[in-house]
Amino acid sequence: MPVIRFVREGRDVECYPGENLREVALREGIELYGLKGKLGNCGGCGQCITCFVDVVPAGSAVALSPRTGVEERKLIRRPQTWRLACQALVEHSVLVVTRPQAGEAGLAPLLAGALARPLPPGPTAWPEPPAAEADSSPDENEPGATREVAGSDIASATSD
Ligand code: FES
């Protein structure tokens, strides 16, 4: 699986190819937002411009999906390596700096350490489900078979 190396936090996080960068960061407890974003953000709609990340090194932006039209408009005065996490899908392993607008104080040694360790490239497709799992699912049309409906097991076929 691709690895997102969050430089500022010193953490490597695995995700599936095509996962949304913002959603992975939030799921893993990575702080994406500065003060403005903490006070209020758009929830991932690409409107508040508070979920900046910097993709490093320059040129590795191909690890993410291409910039969306929203990003092209919203990031017009920002460096080309900046992305909106809510608009970016992770295709390959990547290094990102969260909250690049916060400045680079103390970032140089973290960045040097992050760049010194190789990243696995990661696959470009979701893994296949295990064969045993696919074969073991019960046939819903068999008498006595059950299926889960709204959290409860209900007999799908009875012979009354
Ligand atoms: S969360 Fe608002 S632009 Fe990304």
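Let's start with R99. R99 sits in the loop between β7, residues 94-98, and α4, residues 107-116. Keep in mind that this is a predicted model. Phi of R99 is near 45°. That is a positive value, and R99 is not a glycine. Is R99 buried or exposed? It counts as partly exposed, because R99 has 18 C-beta neighbours inside 10 Å, and a residue needs 20 or more to be called buried.

I49 is another case to look at. I49 has a positive phi too, about 55°, and I49 is not a glycine either. Where do you find I49? Look in the loop between α2, residues 35-39, and β4. I49 has 19 other C-beta atoms within 10 Å, so I49 is partly exposed.

Now the sheet. How many strands does the open sheet have? It has 5. Their order is β2-β1-β7-β4-β5, and the pairing is mixed. Which strands stand at the edges? They are β2, residues 11-14, and β5, residues 82-84. Each has a single partner strand, so one side of each is left without a neighbour in the sheet. From one strand to the next, the twist averages 35°.

Let's zoom in on one pair. Strand β1 covers residues 3-6. β1 and β2 pair in the antiparallel sense, over 4 bridges. Inside that pair, I4 stands opposite V13 in β2. Hold on to I4, please.

Next, the core. The largest nonpolar core has 27 residues. Which of them have the most contacts inside it? They are I4, L21, A85, V94 and V96. There is I4 again, the residue opposite V13. Several elements give two or more residues to this core: β1, α1 (residues 21-27), β4 and β7.

Take V94 from that list. What does V94 touch, leaving aside neighbours within four places in sequence? V94 is in contact with I4, V55, S60, A63 and L64. So two residues with the most contacts inside the core, I4 and V94, are in contact with each other.

S60 is on V94's contact list, too. S60 lies in the loop between β4 and α3. With 16 C-beta neighbours inside 10 Å, S60 counts as partly exposed. How far apart are S60 and V94? In sequence, they are 34 residues apart. In space, C-alpha to C-alpha, they are 7.2 Å apart. Beyond its neighbours within four places in sequence, S60 is in contact with V55, V94 and L95. Note V55: V94 is in contact with V55 as well.

Stay in that loop, between β4 and α3. P57 is found there, between β4 (residues 52-56) and α3 (residues 69-74). Is the peptide bond from V56 to P57 cis or trans? It is cis, with omega near -10°.

R67 has its place in the loop between β4 and α3 as well. R67 has 18 C-beta neighbours inside 10 Å, so R67 counts as partly exposed. Not counting residues up to four places away in sequence, R67 touches E72 and R83. Along the chain, R67 and A88 are 21 residues apart. Their C-alpha atoms are separated by 7.2 Å.

One last look at that loop. It holds P57, S60 and R67. Find the cis bond from V56 to P57 on your screen. Then go on to S60, and from S60 across to V94. V94 takes you back into the core. Thanks, everyone.

Note on methods:
Residues numbered from 1 in each chain as written. Predicted model: local features only at pLDDT ≥ 70, side-chain atom pairs only at ≥ 80, totals over all residues. Pairing = 2+ DSSP bridges. Axes fitted to C-alpha atoms, helices over the stretch in contact; angles between N-to-C directions. Buried ≥ 20, exposed ≤ 12 C-beta atoms within 10 Å, placed from the backbone. Contact = placed C-beta atoms within 7 Å. Core = buried A, V, L, I, M, F, W, Y, C linked by C-beta atoms within 7 Å.
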